[in-house]
Amino acid sequence: MANAFQYSIGRKFIQAISGAFLILFMLIHATINFFSVIDSFTGKFGVVAADDKLFSKGDGLFQLGCDFMSTPFISIMVPVLALGFIVHIGYGIYLSWYNMKARGGFKRYEVASKAKADSWSSTNMLVLGIVVLGILFFHLTHFWAEMQLQEFTGGEAENPYELLKLTFGSVINLVCYIVWFVAVWLHMCHGFWSMFQTVGWSGSVWMKRLKVIGIVVATIICGMFVAVAVNAFIQA
């Protein structure tokens, strides 16, 4: 029984660490994307130098951010990031299946913890995770494939500003994107405090604080992503 308990904690710990890694990545990614919103207020939206050099003088802030994402260090981190996604998604599905099996049949995802799982997101993390996969697929096909993948294969990356306008100029894409990020927000709000609880921060005082911090962090990250999409729609 003790070994089974430790094994379960180990799985949740891996899930928590991979989740923390992805939250950090999303914060950085959202910040860089938000540069496009800043560019729209400074008159730099769409400004890209004619040369192919990184960090060209006169580039818009968003273009400079995209250049940063094209540096060798970030390129090396791509496989690490992919592994983080695979681990987090794979373990999320496995933990959900394991919990259902342990309860003797199909039940909604629940977190076995001292904290009361009283929110909708707490009992539907698997459903939210599946919806989040939709965003990942959307991003890979609409942005990564047209920019980073092109650079990896020796092709020509698309103008990031034009790509934003082309993608979010569609009302359908914009609405789907916003709905998806509502799911991400719910997923992150619960996942944030749950990850700290897994590593031992389960006191009643800190748990209340972590839940508030989780809401703030999730709102900032998802708010920036949504602002980028809405701004691109307006620019288009």
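**View 1. Helices α2 and α6 meet, their axes coming within 9 Å and crossing at roughly 105 degrees.** This is a predicted model, and the close-up takes in α2 (residues 61-69) and α6 (residues 160-168). Angles of 65 to 115 degrees count as roughly perpendicular, so that is how α2 and α6 sit relative to each other. On the α2 side, the contact is made by L61, F62, Q63 and C66. Helix α6 brings P160, Y161 and L164 to it. Sort the residues of this α2 and α6 contact by type and you get 6 nonpolar, 1 polar and no charged.

**View 2. D67 of helix α2 is tucked away as a buried residue.** We stay on helix α2 here, since D67 lies in it. Is D67 buried or exposed? The relative accessibility of D67 is 5%, and the cut-off for buried is under 20%, so D67 counts as buried. Who are the neighbours? Leaving out residues up to four places away in sequence, D67 touches K53, L54, F55, S56 and D59.

**View 3. C189 and C222 sit without a disulfide between them.** How many disulfides does a search of the whole structure find? The count comes back as 0. C189 is in no disulfide, and the nearest cysteine sulfur to it, that of C222, is 7.6 Å away. Why no bond for C222? Its sulfur is 7.6 Å from the closest cysteine sulfur, the one in C189, and that's too far; a pair would have to be within 2.5 Å to count. Both cysteines can be checked for burial as well. C189 has 10% relative accessibility and therefore counts as buried. C222 is buried too, with a relative accessible area of 5%.

**View 4. Stepping back, the whole protein has 8 helices and 0 strands.** Follow the sequence along and the pattern reads α-α-α-α-α-α-α-α. Of the 236 residues of the protein, 36% count as buried. How do the contacts spread along the chain? Take the ones between residues at least 6 apart in sequence: 70% of these join residues at least 24 apart. As for the outside, the accessible surface comes to about 13200 Å². Carbon and sulfur atoms account for 71% of that surface.

Conventions: Residues are numbered from 1 along each chain as its sequence is written. This is a predicted model: local features need pLDDT of at least 70, side-chain atom pairs count only at pLDDT 80 or more; totals for chains, interfaces and linings use all residues. Side-chain values use heavy atoms; hydrogens and water are left out. Buried means under 20% relative accessible area, exposed over 50%, partly exposed in between (1.4 Å probe, protein chains only). Helices (H or I, at least four residues) and strands (E, at least two) are DSSP runs, numbered from the N terminus. Contact means heavy atoms within 4.5 Å. Accessible areas come from the Shrake-Rupley method with a 1.4 Å probe; for residues, only the protein chains shown count as cover. Axes are lines fitted to C-alpha atoms, for helices over the stretch in contact, and angles run from 0 to 180 degrees between N-to-C directions. Angles under 35 degrees count as roughly parallel, over 145 as roughly antiparallel, 65 to 115 as roughly perpendicular and the rest as oblique. Ala, Val, Leu, Ile, Met, Phe, Trp, Tyr, Cys and Pro count as nonpolar, Asp, Glu, Lys and Arg as charged, and the others, Gly among them, as polar.
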